[in-house]
Amino acid sequence: MKIAIIGLGRVYEHYKNNFVSSLLENGHIVYLYDIDKKKCDRKLHPQHVNLSVAISFDQLINFGIDFAIVATISGTHYHISKQLLEAGVNVLTEKPATMKEIELCELINLSNSLSLKYGVIFQNRLNKSMKIAKELVEKKYLGDIKICSIKLHWCRYQNYYNDGWHGTWRQDGGVINQQAIHHIDAMQWINGPFKQVAAFASNQINLLEAEDTMTGLVQFESGSVGTIEASTAIRPKDKEASIFIAGTKGFVKVGGVALNKIVDYELPSLDKDLKDRLLKASVNVSSGYGESHKDVIYDFIDSIKFDKNPIISASSTINTVRAIHSLYKSSESRTWVNVDSKSVSDYLGN
């Protein structure tokens, strides 16, 4: 399969270690492209006969690629994804798929009308620890869920925000749209959509247009509640990325730096199989990206090959974009807001 990677920035360095070599070894052809020509220097990339660097976007399209991974500046995801879909290319984009819900829905409709696959990389959904947490909820091992909360305690120094786009309203947003979006997604993937939110955003250490810290309260449509505590003002390094889920029968906490470990649980009765899987669900990771990008990529390949929906379809992430905007809207208006398509931030994406 012919696969393009568009955007050779920070996350691409993770790609190289996580799945690019595997794709090449398995006979796939990989094309790289970035508007920054310095990043396209062939010497910076794996030396393999199946890897090429495109000199223009048009050339990339003319290679007849099967799908493209969009890993550019967040605010450009919408326009690049639209160009690709209109050219007949399946799209797998890094989060956020778009800066606004209306843009996401437009691209979902476009992909459907052209019978193309359109997926989003929320790789934490495929972590062993997260999949077993979801199983515990769905099979009622925890009883009725009453609390579902997240903590994102990460470290980003000022130089991270001095690149011209990170932390800007038009191209990025703050911690809630760039880092904690994974954990907002996880909350709803496991416990269903938000109904109402109240949030407060601030800059505790870093200087940026958006926020480096947000705290919030959540009421889910199910009636359960939760809290959000997200910050890139933790020093001197990433400390924690966790989700805590408690029900009428027990609780589970998934933590580590990338939702990669079962760090605590209390359940009234466990069969041997489930207990063994809980023990094996924790894995070590080298960064907050985790290790599940590879699983997302290979699933997307299968979705094209066997004409099935990708495991993380763009339509399954609408609630995530909606929740992000509602949290910003609450912070902007200093009040509780309903989580729906009408709750749109005055700043994000503008």
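# Reasoning through a predicted model

For residues 1-120, the UniProt record, an unreviewed entry, lists the feature "domain: Gfo/Idh/MocA-like oxidoreductase N-terminal". The model discussed here is predicted.

Q: What is the make-up of the chain over residues 1-120, and how far apart are the end C-alpha atoms?
A: Over residues 1-120 the chain is 38% helix and 21% strand, and the C-alpha atoms at the two ends are 19 Å apart.

Q: Why is strand β1 called largely enclosed by the rest of the structure?
A: A residue is called buried when its relative accessible area is under 20%. In strand β1, which covers residues 2-6, four of the five residues are buried, so the strand is largely enclosed by the rest of the structure.

Q: How do you know that β1 and β2 pair, and in what sense do they run?
A: Two strands pair if at least two bridges are found between them. Five bridges join β1 to strand β2, residues 29-33, and the two run parallel, so the requirement of at least two bridges is met. Within this pairing, I6 stands opposite Y33 in β2.

Q: What makes β4 a partner of β1 as well?
A: Strand β4, residues 67-70, pairs with β1 in the parallel sense over four bridges, and the cut-off for pairing is at least two. Here the bridge partner of I6 is V70 in β4.

Q: Which elements make a β-α-β unit with β1, and what is its handedness?
A: β1, helix α1 (residues 10-25) and β2 make up the unit, and it is right-handed.

Q: Why is T98 called buried?
A: The relative accessibility of T98 is 2%, and T98 therefore counts as buried, the limit being under 20%. T98 is found in the loop between β5 and α4. Leaving aside neighbours within four places in sequence, T98 is in contact with Y78, E103, L104, L107 and Y118.

Q: How do you know that the side chain of T98 makes a polar contact with K100?
A: A polar contact needs a suitable pair of N or O atoms within 3.5 Å. A polar atom of the T98 side chain lies 2.7 Å from the backbone oxygen of K100, a value that falls within the limit. The side chain of T98 also reaches the backbone nitrogen of L104, at 3.3 Å.

Q: Where does P96 lie, and what is the form of the peptide bond from K95 to P96?
A: P96 lies in the loop between β5 (90-94) and α4 (101-113). The peptide bond from K95 to P96 is cis, with omega near -15°.

Q: Where is P236 found, and what is the form of the peptide bond from R235 to P236?
A: P236 is found in the loop between β10 (225-231) and β11, and the peptide bond that joins R235 to P236 is cis, with omega near 5°.

Q: Why is S115 called exposed?
A: Exposed means a relative accessible area over 50%. S115 has a relative accessible area of 66%, and therefore S115 is exposed. S115 lies in the loop between α4 and β6 (118-121), and its phi is near 55°, a positive value in a residue other than glycine.

Q: What makes K140 count as partly exposed?
A: Partly exposed residues fall between the 20% limit for buried and the 50% limit for exposed. K140 has 44% relative accessibility, so K140 counts as partly exposed. K140 lies in the loop between α5 and β7, and its phi, near 65°, is a positive value in a residue other than glycine.

Q: Why is helix α5 called mostly covered?
A: Helix α5 spans residues 128-138, and eight of its eleven residues are buried, buried meaning under 20% relative accessible area. Among the buried residues of α5 are M130, I132, L136 and V137. The elements that the buried residues of α5 pack against include β7 (145-153), α7 (181-191) and α8 (272-280).

Q: Where does the UniProt record place the C-terminal feature, and what is the make-up of that span?
A: The record, an unreviewed entry, places "domain: Gfo/Idh/MocA-like oxidoreductase C-terminal" at residues 134-339. This span is 28% helix and 26% strand, and its end C-alpha atoms lie 22 Å apart.

Q: How do you know whether T320 is buried or exposed?
A: T320 has 2% relative accessibility and therefore counts as buried, since buried means under 20%. T320 is placed in helix α10, residues 318-333. Not counting residues up to four places away in sequence, T320 touches F122, I181, D185 and Q188.

Terms used. Residues numbered from 1 in each chain as written. Predicted model: local features only at pLDDT ≥ 70, side-chain atom pairs only at ≥ 80, totals over all residues. Heavy atoms only, no water. UniProt positions renumbered as here; feature names shortened; annotations may be inferred. Buried < 20%, exposed > 50% of the residue type's maximum accessible area, 1.4 Å probe, protein only. Contact = heavy atoms within 4.5 Å. Polar contact = N/O pair within 3.5 Å; in protein donor to acceptor, adjacent residues only side chain to side chain. Right-handed = clockwise from strand over helix to strand, strands pointing away.
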